[in-house]
Amino acid sequence: MMSAPWREFCEELIATEILNWRPFKYIDYRFKKKIQSPIIDLDMGGKGLFIYEVFDLVINDDQMPLLKDLKNKTSENYIWVTDEVIQTLGHETGSKSFPHEIGPHTKYAQNLKWSK
């Protein structure tokens, strides 16, 4: 069952007031890929299978300046990270610390494949 990208976008960025809803009232997106895990043992017991659907946000000319402005700000509610930080799930090699908690599903989405 395909989730609604608008619902996820709204839940994460509009409802939290990170972005103003008016310029993002309508978003465009492109399906990129579906990623499926193998059947795995869950931490809470039992077995599970995860399916992730990855979409690219298609930004229009009105939305781009707002996202660029957002990138220049800092907040406790969001972070902008490099590909390297995603690949290491939050570990910054320069400081040898884990200043960010990045979920493994973020890495799967970036690499477009399941990995341990």
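Start by selecting S37 in this predicted model. Leaving aside residues up to four places away in sequence, S37 touches L49, F50 and W114, so show those three as sticks too. S37 sits in the loop between β1 and β2 (40-41). Is S37 buried or exposed? With a relative accessible area of 3%, S37 is buried. Now turn on the backbone of F50: the S37 side chain reaches the backbone nitrogen of F50 at 2.8 Å.

**Step back to the whole chain**

Zoom out and colour by secondary structure. You should find four helices and four strands, following the pattern α-β-β-β-β-α-α-α along the sequence. The C-alpha atoms fill a box of roughly 45 × 40 × 25 Å along the principal axes. Of the 116 residues, 19% count as buried. Among contacts with a separation of 6 or more, 39% are between residues 24 or more positions apart.

Next, colour by pLDDT. The chain averages 90, and 97% of the residues score at least 70. Which element has the lowest mean pLDDT, and which the highest? Helix α3 (residues 83-87) has the lowest, at 89, while strand β3 (residues 47-48) has the highest, at 96. A word of reading advice for any model of this kind: where pLDDT is low, the predicted coordinates should not be read in detail.

**Into the core**

Select F9, I14, I18, L19, F24, I27, L67, L70 and Y78. These nine residues make up the largest nonpolar core. The elements that give two or more residues to this core are α1 and α2 (64-71). As a general background, nonpolar side chains in soluble globular proteins tend to be buried together.

Keep L67 highlighted and look around it. Not counting residues up to four places away in sequence, L67 touches L19, F24, I59 and W80. Two of these contacts, L19 and F24, can be found in the core selection you just made.

**Down the axis of α1**

Now select helix α1 (residues 5-14). Which residues of α1 are buried? They are P5, F9 and I14. Rotate until you look down the helix axis: the buried residues of α1 fall within an arc of 100 degrees, so they line one face of the helix. Then bring back the surroundings, since what covers these buried residues includes β1 and β4.

**The salt bridges**

Stay on α1 and select R7 and E11. Their side chains meet in a salt bridge, 3.2 Å from N to O. Both residues lie in α1, four residues apart, about one turn of the helix. The general geometry is familiar: an α-helix has 3.6 residues a turn, so residues three or four places apart point the same way. E11 is partly exposed at 41% relative accessibility, and R7 is partly exposed as well, at 42%.

How many salt bridges are there in total? The count comes to five.

For another one, select K32 and D56. Their closest N and O atoms are 3.6 Å apart, forming a salt bridge. This pair links distant parts of the chain: K32 belongs to strand β1 (residues 28-36) and D56 to strand β4 (residues 51-58), 24 residues apart. K32 counts as partly exposed, with 43% relative accessibility. D56 is also partly exposed, at 31%.

Move on to K73 and D69, whose side chains meet in a salt bridge at 3.2 Å, N to O. K73 is partly exposed at 45% relative accessibility, and D69 is partly exposed at 39%. Then return to α1 and add E8 to your selection: salt bridges that share partners join R7, E8 and E11 into one network.

**Last stop: α3**

Finish by selecting E84, in helix α3. E84 is partly exposed, with a relative accessible area of 44%. Draw a distance from its C-alpha to that of K107: the two residues are 23 apart in sequence and 10.0 Å apart in space, C-alpha to C-alpha. While you are here, recall that α3 is the element with the lowest mean pLDDT, 89.

How values were computed
Residues numbered from 1 in each chain as written. Predicted model: local features only at pLDDT ≥ 70, side-chain atom pairs only at ≥ 80, totals over all residues. Heavy atoms only, no water. Salt bridge = Lys/Arg side-chain N within 4 Å of Asp/Glu carboxyl O. Buried < 20%, exposed > 50% of the residue type's maximum accessible area, 1.4 Å probe, protein only. pLDDT = per-residue confidence, 0-100. Core = buried A, V, L, I, M, F, W, Y, C linked by side-chain atoms within 4.5 Å. Contact = heavy atoms within 4.5 Å. Arc of directions from axis to C-beta. Polar contact = N/O pair within 3.5 Å; in protein donor to acceptor, adjacent residues only side chain to side chain.
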